[in-house]
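Trainee: I should be grateful for a close look at a single part of this structure, followed by whatever can be told about other parts. Please begin with one residue.

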Amino acid sequence: MSNRAMIVAEISANHGHDIEIVKKSILKAKEMGCDAAKIQSYTPDTITLDCDNEYFQINTGTLWDGTTLYKLYSEAFMPWEWHEELYEYARSIDFMLFSTPFDKTAVDLLEKCGNPVYKIASFEITDIPLIRYAAACGKPMIISTGIATEAEIRDAVQACYDAGNEDVCLLKCTSEYPAKLEDANLNTMLDMKSRFGTKVGLSDHTLGDDVAAAAAAMGAAVIEKHFILDREIGGPDASFSMTPDQFRTMIDRVRLVEKICGDVTYEITPKKQNSRKYARSLFVAQDVKAGDILTEENVRSVRPSNGLAPKELDKVLGRKFSKDAEAGTPLSWEMIE
């Protein structure tokens, strides 16, 4: 999207187990000025095992401590039978909907739905077979890097290339929920662009829109934030998701930052040309006679710009005036012997 970030409303688990809430969320995302909405495609059984031993307990200081992976995803997942209806609805309002697949069967489902973009979640970045399978569909690939090492990011990008897909965007992501501002480390986003040669963007879990605005100023191609119609809907992601008013404010701020950053240009616009009349140039600073020597006393670099360019000063000093001239006369080559 040239120098304009693609802003994505991540609906994720913010659906209250009601497909109409998802539809309303998609419509609201469009009304707010988003470029796309995103869902997640998995079932508890495609993402983990129905097991409650120590390996599957959540106890790492997250919002979801005290439950198991299977129970969490049973609450959060979006039923697969909703997908086709949701994609048809998005097309009916001329709005982009895409998804994050968590296994190959999800990719197959999304292909049937006409999914236009594939997003790989941070915790799936090490699943190279999944990345390669999704990339082989030939759609743009957006990959979050929240938990990845430099080597793992490189492997993920290479997996896309191996599948013949070079349309890759890496998202700087801090996998904390919510994330702290001081952990954003947005300079990593620019380093990834240089290091891996891809487009880059932001998947943001901080509260507020400061990080998103900063990412826009740094040239993010994609900005993704969690979105919920109303926190009263509840769900695993509700506490760190933006409400409509907050999301709209973020979009306005991002677009303002992009307008401020503008394009790379050295063009002399009409406004700039008009201002150039007050640039410095060489003027006769004292009344002189023909035959007088040009010196730093009788020729000076001053505003406005009607005389010779100041860079010519060394070339004219020591030469003679060819005619009389009054102070305030723009210096020209015709006046110099």
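Is Val 299 buried or exposed, and what is its relative accessible area?

Mentor: Val 299 is buried, with a relative accessible area of 2%. That word has fixed limits: buried means under 20% relative accessible area, exposed means over 50%, and partly exposed lies in between, with a 1.4 Å probe and the protein chains only. Two matters of method come before the rest. Residues are numbered from 1 along each chain as its sequence is written, and side-chain values use heavy atoms, without hydrogens or water. This is a predicted model, in which local features need pLDDT of at least 70 and side-chain atom pairs pLDDT 80 or more, while totals for chains, interfaces and linings use all residues.

Val 299 belongs to strand 10, which covers residues 299–302. Helices (H or I, at least four residues) and strands (E, at least two) are DSSP runs numbered from the N terminus. Neighbours within four places in sequence are left aside in listing what Val 299 touches. With that exclusion, Val 299 is in contact (heavy atoms within 4.5 Å) with Leu 282, Phe 283, Ala 285, Leu 294, Leu 313, Phe 321 and Leu 331. Ala 216 stands 83 residues away from Val 299 in sequence, and the two C-alpha atoms are 48 Å apart in space.

Moving along the chain from strand 10, one comes to a special peptide bond. The bond from Arg 303 to Pro 304 is cis, with omega near 10°. Pro 304 sits in the loop between strand 10 and helix 12, the latter being residues 313–316. A cis peptide bond also joins Tyr 177 and Pro 178, where omega is about 0°. The position of Pro 178 is in the loop between strand 6 and helix 8, a helix that takes in residues 187–196.

The loop that holds Pro 178 has another feature of the backbone. Asn 185 is placed in the loop between strand 6 and helix 8, and its phi is near 45°, a positive value in a residue other than glycine. Asn 185 counts as partly exposed, because its relative accessibility is 48%.

Ser 12 may be set beside Asn 185. Ser 12 is not a glycine, yet its phi is positive, at about 45°. Its location is the loop between strand 1 and helix 1. Here the surroundings can be stated plainly: Ser 12 has a relative accessible area of 3% and is therefore buried.

His 15 is likewise found in the loop between strand 1 and helix 1. With a relative accessibility of 0%, His 15 counts as buried. A polar atom of its side chain lies 3.1 Å from the backbone oxygen of Phe 77. A polar contact is a pair of N or O atoms within 3.5 Å; within protein, one must be able to donate a hydrogen and the other to accept it, and residues adjacent in sequence count only if both atoms are side-chain atoms. Beyond its neighbours within four places in sequence, His 15 is in contact with Ile 21, Val 22, Glu 75, Ala 76, Phe 77, Met 78, Trp 82 and Ile 233.

Two of those partners, Ile 21 and Val 22, lead to helix 1, for both are listed among its buried residues. The full list of buried residues in helix 1 is Ile 19, Ile 21, Val 22, Lys 23, Ser 25, Ile 26, Ala 29 and Met 32. The cover over these residues includes strand 1 (6–10), strand 2 (36–41), helix 4 (83–92), strand 3 (96–101) and helix 10 (244–261).

The two ends of helix 1 can be described in turn. At its start, a side-chain oxygen of Asp 18 comes to within 2.9 Å of the backbone nitrogen of Glu 20. Just after the helix, Gly 33 has a positive phi of about 105°. Between these ends, helix 1 has 14 residues, 19–32, and at 1.5 Å a residue it should span 20 Å; its end C-alpha atoms are 20 Å apart, which agrees. The expected span is 1.5 Å times one less than the number of residues.

To return to the residue you asked about: Val 299 is a buried residue in strand 10, and Leu 282 and Phe 321 are among the residues in contact with Val 299.
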